[in-house]
Amino acid sequence: DTMLKRNYIGTFKEGYVYVPNAFSPNNNGRNEGFKPSTFNVKATGYSFKVFTRWGELVFETNDLDAEWDGTYKGEQCTQDVYVFKIDGQYINNDQFTFRGTLSLLR
């Protein structure tokens, strides 16, 4: 028996981005870094930024695996609410942008 598939349609599982709303970098081994969980997101064109409530950029990366450790210029950031922005593209070429707040707990 022979089977031939010509011009078949390929599909991708839907991508997603999950962003937690808090983390606690207090050296207890749990929730030490803040990063979104991604699935089926392209590495190219990805951007993840964290700002203070006054708009000062404290963290920026284009690496899907990088996480913010709660520091800025080598100093620990204060317990506060911060703003994040995530831009990127799923593997099916749909663009996404997520904005929100996160709590840094000390």
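## A walk from Tyr16 to the sheet

Start by selecting Tyr16, which sits in strand β1, residues 16–18. You're looking at a predicted model, so keep that in mind as you click around. Color by accessibility and Tyr16 comes out as partly exposed, because its relative accessibility is 45%, and that value lies between the 20% limit for buried and the 50% limit for exposed. Now add Tyr18 and Phe39 to the selection: together with Tyr16 they make a nonpolar surface patch of about 330 Å².

Next stop, the sheet. Show strands β2, β9, β8, β4 and β5 in that order, and you have an open sheet of five strands with mixed pairing. Its edge strands are β2 (22–23) and β5, each pairing on one side only.

Zoom in on β4, residues 47–51. What does β4 pair with through five bridges? That's strand β8 (residues 80–89), and the two run antiparallel. To see individual bridges here, pick Phe48 and look across to its partner in β8, Ile86. Then pick Lys49, whose bridge partner in β8 is Lys85.

Now turn to β5, residues 57–61, which is joined to β4 by four bridges, again antiparallel. Select Phe51 and you'll find Leu57 as its bridge partner in β5. Follow the chain from β4 into β5 and you trace a hairpin, with five residues between the two strands. Finish in that turn at Gly55: check its backbone and you'll get a positive phi of about 90°.

Definitions and conventions. Residues numbered from 1 in each chain as written. Predicted model: local features only at pLDDT ≥ 70, side-chain atom pairs only at ≥ 80, totals over all residues. Heavy atoms only, no water. Patch = residues over 30% accessible without salt bridge, like charges linked within 9 Å, V, L, I, M, F, W, Y side chains within 5 Å. Areas by Shrake-Rupley, 256 points an atom, 1.4 Å probe, with all protein chains shown as cover. Salt bridge = Lys/Arg side-chain N within 4 Å of Asp/Glu carboxyl O. Buried < 20%, exposed > 50% of the residue type's maximum accessible area, 1.4 Å probe, protein only. Pairing = 2+ DSSP bridges.
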